[in-house]
Amino acid sequence: MPCYRCGARQTDPVRGASPWQRGVRKETQVLICPDCQRLHDLDLDSCSTCGSAALICRLGEVECRSCGAVRMARSDALTASSVAPPPGLSAEVEAALNRVLGRA
């Protein structure tokens, strides 16, 4: 999954914690690269209880990692925010498969 702001993709991680962050934007789990984390306006959803942007979205629920509040994800936002794959992704996947499978 690429960074939702700039489209950068994660590389193989080094040992230790990943510098990438998770967030929720329009009821969808997103990743934020280290460069984009430096921006102040990430346009992420925030907790209605405590205001924190430290949210995770899973199985139709959005949970705040700061205060523990859990709410159901809005289904109308889920259908409206379908994330399209970044341009060129299918070509990159095909090239990777060709390399792995030894195709010319």
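Select strand β2, residues 28-32, in this predicted model. The strand is mostly covered, with five of its five residues buried. Show the side chains and look along the strand: Thr28, Val30 and Ile32 point one way, while Gln29 and Leu31 point the other way. Residues on both sides of β2 are buried.

Next, add strand β1, residues 21-25. β1 and β2 pair in the antiparallel sense, and five bridges join them. To see one bridge, pick Val24 and look across to β2, where its partner is Gln29. Then go to the turn of this hairpin, which has two residues between the strands. Lys26 is the residue to check there: its phi is positive, near 55°.

From Thr28, move to Gly60. The two residues are 32 places apart along the chain, yet 9.5 Å separates their C-alpha atoms. Gly60 is found in the loop that joins β3 to β4. Is Gly60 buried, partly exposed or exposed? It counts as partly exposed because its relative accessibility is 27%. Now display what surrounds it. Beyond the neighbours within four places in sequence, Gly60 is in contact with Arg71, Met72 and Ala73.

Widen the selection to the sheet around that loop. Three strands form an open sheet in the order β3-β4-β5, with antiparallel pairing. Its edge strands are β3, residues 55-58, and β5, residues 70-72, and each of these pairs on one side only. From one strand to the next the twist averages 20°. Between β3 and β4, the latter covering residues 61-64, there are four bridges in the antiparallel sense. Select Arg58 and look across to β4: the residue opposite is Glu61.

The cysteines come next. Start with Cys50, in the loop between α1 (residues 34-37) and β3. At 41% relative accessibility, Cys50 counts as partly exposed. Apart from neighbours within four places in sequence, its contacts are Cys64, Ser66 and Cys67. Gly68 can be selected as well: its C-alpha atom is 9.6 Å from that of Cys50, with their positions 18 residues apart along the chain.

How many disulfides are there? The count comes to zero, with a disulfide taken as two cysteine sulfur atoms within 2.5 Å. Cys47 is one cysteine to check: its nearest cysteine sulfur belongs to Cys67, 3.8 Å away, and Cys47 is in no disulfide. Cys47 is buried, as its relative accessible area is 7%. Now centre on Cys67. Why is its sulfur not bonded to the closest cysteine sulfur? That closest sulfur is in Cys64, and the separation of 3.7 Å is too far for a bond, because the cut-off is 2.5 Å. Unlike buried Cys47, Cys67 is partly exposed, with a relative accessible area of 40%.

Finish at helix α3, residues 89-101. The helix has 13 residues, and the distance from its first C-alpha to its last is 18 Å. This is close to the 18 Å expected at 1.5 Å a residue. To read its side chains, keep in mind that an α-helix has 3.6 residues a turn, so residues three or four places apart point the same way. Then step to Gly102, just after α3, where phi is positive at about 70°.

Notes. Residues are numbered from 1 along each chain as its sequence is written. This is a predicted model: local features need pLDDT of at least 70, side-chain atom pairs count only at pLDDT 80 or more; totals for chains, interfaces and linings use all residues. Side-chain values use heavy atoms; hydrogens and water are left out. Buried means under 20% relative accessible area, exposed over 50%, partly exposed in between (1.4 Å probe, protein chains only). Two strands pair if DSSP finds at least two bridges between them. Axes are lines fitted to C-alpha atoms, for helices over the stretch in contact, and angles run from 0 to 180 degrees between N-to-C directions. Contact means heavy atoms within 4.5 Å. The expected span of a helix is 1.5 Å times one less than its number of residues.
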